[in-house]
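Here are a few short exercises to work through with the model open beside you. Try each task before reading its solution.

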Amino acid sequence: MIKRIFAVSGVKDSGKTHTLNYLAQLFNTAGTRVHGPDPMVHPLNTDIQYIFDVKGYLVGVGTSGDDGWIIDEHFNNFDAAGCDVVIVACRSRTGTASVDALERQAISRGLIVDYTTLMWNASLPRLIMAEQNIARSIASRI
């Protein structure tokens with residue numbers, strides 16, 4: 001049963017997918033990968049679903065989330081797998097299909113989404129370090 005929801009939000013091409021793939025790399029070294037390809041060799045810009053056993057919690061990570069239907073798909077799959085924690089990407093404002101779907105999923109479970117919003121353009125310098133730091137921050141809260 002899902003007990004906690006995290007989201008990395010931002011506009012198109014702001015680094016959401018990269019950040020969550022960095023997070024998957026951290027989980028891959030800290031826990032056991034239950035589902036999904038090896039994040040250490042998979043391209044960072046690829047949208048994937050992963051499930052990890054981290055500290056005794058099943059953690060579902062969905063790196064895609066620009067559309068509402070994909071948010072619902074992530075939750076269907078992570079519910080079926082018995083995930084305790086879900087971490088997904090979504091757009092950055094209410095009124096977009098992905099945020100609305102994410103909020104519906106949270107409300108139906110009596111949960112509040114813990115958002116981290118990316119506030120930059122993907123072409124900025126030091127973006128990789130920023131994405132990795134955000135991934136570490138989220139991982140530390142599991």
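**Exercise 1. The fold in outline**

In what order do the elements of the protein chain run from the N terminus on? Then judge how compact the chain is for its length.

Solution. Keep in mind that this is a predicted model. Step one: tracing the protein chain from its N terminus gives the order β-α-β-β-β-α-β-α-β-α. Step two: the tally is four helices and six strands. Step three: the radius of gyration is 14 Å, close to the 14 Å that the globule rule gives for 142 residues, so the chain is as compact as a globular protein of that length. Step four: along the principal axes, the C-alpha atoms fill a box of roughly 40 × 35 × 25 Å.

**Exercise 2. Inside and outside**

Describe the burial, contacts, surface and charges of the protein chain.

Solution. Start with burial: 46% of the 142 residues are buried. Next, take the contacts with a separation of 6 or more; residues 24 or more positions apart account for 66% of them. The accessible surface comes to about 6,900 Å², and carbon and sulfur atoms hold 54% of that area. Finally, there are 13 positive and 14 negative side chains, with the centres of the two sets 6 Å apart.

**Exercise 3. Aromatic rings**

How many aromatic pairs are there, and which residues do the ring pairs link into a cluster?

Solution. A pair of aromatic rings is described by the distance of the centres and the angle of the planes. Counting this way gives two aromatic pairs. In one of them, phenylalanine 27 and phenylalanine 52 lie 5.8 Å apart, centre to centre, with 55 degrees between the planes, a tilted arrangement. This pair links distant parts of the chain: phenylalanine 27 belongs to helix α1 (residues 16-30) and phenylalanine 52 to strand β3 (residues 49-54), 25 residues apart. Now check burial, for which the cut-off is under 20% relative accessible area. Phenylalanine 27 has 2%, so it is buried; phenylalanine 52 has 0%, so it is buried too. Taken together, ring pairs join Phe27, Tyr50 and Phe52 into a cluster.

**Exercise 4. A histidine in its setting**

Is histidine 74 buried or exposed, and what is it in contact with beyond its neighbours within four places in sequence?

Solution. First locate histidine 74: it sits in helix α2 (residues 68-81). Its relative accessibility is 1%, so histidine 74 counts as buried. Setting aside neighbours within four places in sequence, histidine 74 is in contact with Gln49, Gly62, Thr63, Ser64 and Val88. For a distance to try yourself, go from histidine 74 to serine 92, 18 residues along the chain: their C-alpha atoms are separated by 18 Å.

Technical notes. Residues are numbered from 1 along each chain as its sequence is written. This is a predicted model: local features need pLDDT of at least 70, side-chain atom pairs count only at pLDDT 80 or more; totals for chains, interfaces and linings use all residues. Side-chain values use heavy atoms; hydrogens and water are left out. Helices (H or I, at least four residues) and strands (E, at least two) are DSSP runs, numbered from the N terminus. The radius of gyration is taken over C-alpha atoms; the globule rule is 2.2 Å times the number of residues to the power 0.38. Buried means under 20% relative accessible area, exposed over 50%, partly exposed in between (1.4 Å probe, protein chains only). Contact means heavy atoms within 4.5 Å. Accessible areas come from the Shrake-Rupley method with a 1.4 Å probe; for residues, only the protein chains shown count as cover. Lys and Arg count as positive and Asp and Glu as negative; His and the chain ends are not counted. The place of a charge is taken as NZ of Lys, CZ of Arg, CG of Asp or CD of Glu. Rings of Phe, Tyr and Trp (its six-membered ring) pair if their centres lie within 6.5 Å; planes under 30 degrees apart count as stacked, over 60 as edge-to-face and the rest as tilted.
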